[in-house]
Amino acid sequence: MTLSVFDLSTYLGVNPDTIKRWVRQGKLPVLPKGADLRFEKKDLEKWAALHNIRLNLTDKKSAEKQNQDDVPLSQALKNGGIYFDIPGNNVVSVLESCVKKIFQVPDDFKPDLLDRLVERENAFSTGVGNGMAIPHPRQQLSYLPDPMITVNFLADPVDYNALDGRPVSILFCILCPSLQHHLHLLSVLSFCLKDADFVAFIKSRPQLDELVEQTMVLQKANPL
């Protein structure tokens, strides 16, 4: 079985240009012959295993069906973690600082992720008001093993073109390997951010275990 650049970009959840750049940099095992870039399945599986990258080369629809259980918001927060004092003075620079912190994303994938986050913000700001934003890529990140939400407290508030026009100081980055996980977590997080007590708790800059515990309380009180 061989794959094209487009096939591999779909399976990994990255831009085709990222695949071509990795080939030029010698970071991907590519078949030596032919005008078009082609990749051998067994070579890609070895590459993924060597770099601890999730790569399921089965049928995409079958892979989605195997991964349809919703992940609780508390678990996604636990998967992502909390980061404090994120530097930057505009949307792009704070997103770049956030991406650098996310150890679950392989280094070679971080430029692609940043491009996708910035692309989303350029299309429509994810600033939801009240000093918070929910940046997320439009495409799903198939290489991630688990859905996650990273909570990022900025060193200084930045103009984020938010709905209420107020500067943003807290970013919730939603990163998911499937569309179903993404839609579920976006919906649940949006619901929680309408709870004044929960928002006040978030703005107290809690530690991760405190945030997870408080989120579980909210989940127990509501059918999230």
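Biologist: What makes strand β7 count as mostly covered?

Modeller: In this predicted model, seven of the eight residues in β7 (168–175) are buried. Buried here means under 20% relative accessible area, so that is the bar those seven residues pass.

Biologist: How do you know which strands pair with β7, and in which sense?

Modeller: From the bridges. β5 and β7 share two of them, in the parallel sense, and Ala133 stands opposite Leu171 there. A pair needs at least two bridges, so β5 and β7 qualify. On the antiparallel side, β6 and β7 pair over seven bridges, with Met148 opposite Leu175.

Biologist: Leu171 has come up already. What does Leu171 touch, leaving out residues up to four places away in sequence?

Modeller: Its contacts include Val94, Leu95, Cys98, Ala133, Pro135, Thr150, Val151, Leu154 and Tyr160. Leu171 also belongs to the largest nonpolar core, which has 44 residues. Leu171 is among the members that touch the most others, along with Leu12, Ile19, Leu28, Phe109, Tyr143 and Tyr160.

Biologist: Which elements give two or more residues to this core?

Modeller: They are α1, α2, α3, β3, α6, α7, β6 and β7. The most come from α6, with five residues. There's also a second, separate core of 23 residues, including Leu77, Ile134, Val188 and Leu193.

Biologist: Why is the pair of Trp22 and Trp47 called tilted?

Modeller: Their ring centres are 6.3 Å apart and the planes meet at 50°. The cut-off for a pair is 6.5 Å, and tilted covers what is neither under 30 degrees nor over 60, so Trp22 and Trp47 make a tilted pair. Trp22 sits in helix α2 and Trp47 in helix α3, 25 residues apart, which makes this a link between distant parts of the chain. Both Trp22 and Trp47 are buried.

Biologist: How do you know that Phe109 and Tyr143 pair up as well?

Modeller: The centres are 4.2 Å apart, and the planes are at 50°. Set against the 6.5 Å limit, that is a pair, and the angle makes it tilted. Phe109 is in the loop between α6 and α7, while Tyr143 is in the loop between β5 and β6, 34 residues apart. Phe109 and Tyr143 are buried too. Trp22, Trp47, Phe109 and Tyr143 form one aromatic cluster, and a search of the whole structure finds four aromatic pairs.

Biologist: Why is Gly13 called buried?

Modeller: Its relative accessible area is 6%, and the cut-off is under 20%, so Gly13 is buried. Gly13 lies in the loop between α1 and α2. Leaving aside neighbours within four places in sequence, Gly13 is in contact with Asp112, Arg116, Gln140, Leu141, Ser142 and Tyr143. The C-alpha atoms of Gly13 and Leu55, 42 residues apart along the chain, are separated by 9.9 Å.

Biologist: Last one: why do you say that the buried residues of α5 line one face of the helix?

Modeller: Leu73, Ser74, Ala76, Leu77 and Gly80 are the buried residues in α5 (73–80). Looking down the axis of α5, they fall within an arc of 165°, so they line one face. What covers them includes β3, β6, α8 and α10. After α5 comes Gly81, with a positive phi near 90°.

Terms used:
Residues numbered from 1 in each chain as written. Predicted model: local features only at pLDDT ≥ 70, side-chain atom pairs only at ≥ 80, totals over all residues. Heavy atoms only, no water. Helix = DSSP H or I, 4+ residues; strand = E, 2+ residues; numbered from the N terminus. Buried < 20%, exposed > 50% of the residue type's maximum accessible area, 1.4 Å probe, protein only. Contact = heavy atoms within 4.5 Å. Phe/Tyr/Trp six-rings, centres within 6.5 Å; stacked < 30°, edge-to-face > 60°. Core = buried A, V, L, I, M, F, W, Y, C linked by side-chain atoms within 4.5 Å. Arc of directions from axis to C-beta.
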